[in-house]
Amino acid sequence: MFFFNKFIAKIIFFNLIFPSIFSFASVTVNDISRLNPIEVDSVFVPTQIIEIQDKIKKTSSIISIGGGRYSMGGQTATEHALQIDMRKMNNIIFLDEKAKKITVQAGIRWRDIQTAIDQKNLSLKIMQTYSNFTVGGSLSVNAHGRYVNQGPIIHSVDSIKMVLADGSLVICSPTQNKELFYGAIGGYGALGVIVEATLHLTENSKVERFVQEISVEKYKDYFFSAVKSDANAVFHNGDFIFPEFKKIRAITWSNTTKPLTIKDRLIPKDLKYLLQPITISSISSIPKGSQVRNMLEPKLYSKPKVVWRNYEASYDVAELEPLFRYPNTYVLQEYFIPVKNFEKFVPLMKKTFDDFQVNVINVSVRHALPDTGSLMSWAREEVFSFVVYYKQGLKKQEKEKVGRWTRKLIDHALSLNGTYYLPYQIHATNAQFMMAYPSYKEFFSLKEKVDPHNRFRNKLLDRYYLPAKILEKNP
């Protein structure tokens with residue numbers, strides 16, 4: 001028994017030191033919401049492109065791809081798959097300071113890029129608000145952030161490298177293998193494994209916060225006249241003031257030469273977040289919790305704040321993480337509405353929340369320029385996005401209720417020529433999916449071409465990647 005235990009200990013030791021040598025058998029993986037436990041046959045942890053190529057060539061397994069696992073509907077896994085866990089592919093390949101470009105492995109987290117480029121006084125051109133996600137995951141969902149006059153992350157991507165279903169390595173850009181480029185970004189791992197990316201950078205700068213409460217009716221005009229037209233504006237989002245949804249707290253960060261109020265260049269990694277989780281748990285649990293929030297937030301924003309751009313871009317999701325995810329959890333949804341229909345969506349959204357008694361914690365508004373390139377574009381025209389953060393139960397009937405009001409909101413978005421975001425719970429009907437993403441046929445045709453045996457799969461693809469005649473006959 002001693003020698004057996006010693007042998008097992010050696011295996012564990014080498015597995016930790018050289019994770020790509022071994023695959024973990026029969027593992028249950030989940031995402032941040034804890035709503036989607038999925039048992040995969042094994043998890044493979046590569047560190048180099050060649051390892052991924054060899055693994056794909058030497059196995060006939062179905063394959064799913066995982067990064068930070070912040071998608072919330074099973075988009076990173078499916079049952080009985082070989083899951084490729086990309087998080088050890090986290091190196092910077094090359095930084096070109098003069099051209100303001102950086103090439104990285106796809107499993108690197110945005111925070112690690114920020115740490116490196118901040119030393120050169122450079123900043124990422126586009127990323128999502130929180131820095132914990134992996135680059136490959138963000139590209140796969142075509143993420144966006146609060147950047148003024150930007151939009152989907154595809155606008156900041158110079159090129160990518162992908163490993164396809166036959167193990168081949170291809171370089172994709174807007175001019176080289178562009179069909180794959182525009183299919184893979186926003187393609188949820190359907191076409192292959194994004195293994196490297198070259199991204200555009202910009203200068204770091206000091207930014208100052210400006211906060212103003214605006215009525216919903218005036219918000220759109222305010223945004224276009226005071227934010228979008230301001231060459232100094234860097235970040236912007238608006239938070240609805242609950243429970244009336246009649247006002248928005250508009251928060252803009254603009255370039256400035258004023259002295260810093262916080263000296264740190266990045267948010268410290270070792271911060272202990274306790275107040276925020278307690279506040280989130282409290283306002284979502286007590287009666288009239290939103291009113292408590294409305295009393296606290298004005299004080300939070302009352303003091304002047306000047307920070308580095310990289311500081312404001314280095315948020316940690318730990319500040320959103322609740323104290324517990326049982327018996328309830330906290331989930332995101334997002335809807336994209338053409339700017340001309342902004343005011344029309346707000347009352348439809350509020351009525352849905354009221355009718356279904358949704359425990360909404362926050363609704364944030366952001367802006368995005370059109371993305372007419374990616375096949376699965378969520379911004380085919382200029383849009384405002386509505387990011388909904390809410391609390392839900394884990395019981396079957398509670399999950400079903402979420403599905404009902406989600407489909408109601410999707411209907412409202414579609415009625416205004418908008419769409420919904422795919423990284424979250426998979427509640428949309430076939431008809432809603434096809435209407436929201438009308439290029440699905442072209443996308444699925446491309447998948448059939450480069451992945452004819454449907455090796456790359458996840459729960460999102462399992463749900464909608466069907467022969468067109470079946471998908472269209474089953475709304």
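In this predicted model, helix H6 packs against helix H10 (residues 342–356) at an angle of about 145°, and the two axes sit 9 Å apart. The crossing of this pair is right-handed. On the H6 side the contact is made by Val216, Glu217, Tyr219 and Lys220, and on the H10 side these meet Phe342, Glu343 and Val346. Sorted by character, the residues of the H6–H10 contact come out as four nonpolar and three charged, with no polar ones.

H6 also takes part in a salt bridge. Lysine 228, in helix H6 (residues 216–228), pairs with glutamate 382, with 3.9 Å between the closest N and O atoms. Since the cut-off for a salt bridge is 4 Å, the pair at 3.9 Å still counts as one. Glutamate 382 is found in the loop between strand S16 (359–368) and strand S17 (383–393), so to speak a long way along the chain from lysine 228: the two are 154 residues apart. As for solvent, lysine 228 is partly exposed, at a relative accessible area of 23%.

That bridge has plenty of company, with a count of 22 salt bridges for the model. One of them joins the side chains of glutamate 79 and lysine 459, at 2.8 Å from N to O. Here too, distant parts of the chain are linked: glutamate 79 belongs to the loop between strand S3 (63–66) and strand S4 (82–85), lysine 459 belongs to helix H14 (residues 459–464), and 380 residues separate them in sequence. Both ends of the bridge can be placed with respect to the surface. Glutamate 79 has a relative accessible area of 33% and is partly exposed; lysine 459, at 26%, is partly exposed as well.

Another bridge runs between two strands. Glutamate 213 pairs with arginine 249, and their closest N and O atoms are 3.5 Å apart. Because glutamate 213 is in strand S11 (residues 206–215) and arginine 249 is in strand S13 (residues 247–255), this pair ties together parts that lie 36 residues apart in sequence. The two ends have rather unlike surroundings: glutamate 213 is partly exposed, with 43% relative accessible area, while arginine 249 is buried at 4%. Shared partners also turn up among the salt bridges of this model, joining Arg69, Asp85 and Arg87 into one network.

Back to the helices, H13 (residues 440–450) has a buried set made up of Tyr440, Phe443, Phe444, Leu446, Lys447 and Val450. Viewed down the H13 axis, these buried residues fall within an arc of 155°, and therefore line one face of the helix. An α-helix has 3.6 residues a turn, so residues three or four places apart point the same way. The other side of H13 carries Glu448 and Lys449, which are exposed.

Finally, there is a glycine in a loop. Glycine 145 is located between helix H4 (135–140) and strand S8 (157–163). With 5% relative accessibility, glycine 145 is buried, because the cut-off for that label is under 20%. Its C-alpha atom is 5.6 Å from that of methionine 127, a residue 18 places away along the chain. Leaving aside residues up to four places away in sequence, glycine 145 touches Met127, Gln128, Thr129 and Arg366.

Key. Residues are numbered from 1 along each chain as its sequence is written. This is a predicted model: local features need pLDDT of at least 70, side-chain atom pairs count only at pLDDT 80 or more; totals for chains, interfaces and linings use all residues. Side-chain values use heavy atoms; hydrogens and water are left out. Helices (H or I, at least four residues) and strands (E, at least two) are DSSP runs, numbered from the N terminus. Buried means under 20% relative accessible area, exposed over 50%, partly exposed in between (1.4 Å probe, protein chains only). Axes are lines fitted to C-alpha atoms, for helices over the stretch in contact, and angles run from 0 to 180 degrees between N-to-C directions. A crossing is left-handed if the near helix is turned anticlockwise from the far one by less than a right angle, and right-handed if clockwise. Contact means heavy atoms within 4.5 Å. Ala, Val, Leu, Ile, Met, Phe, Trp, Tyr, Cys and Pro count as nonpolar, Asp, Glu, Lys and Arg as charged, and the others, Gly among them, as polar. The arc is that of the directions from the helix axis to the C-beta atoms.
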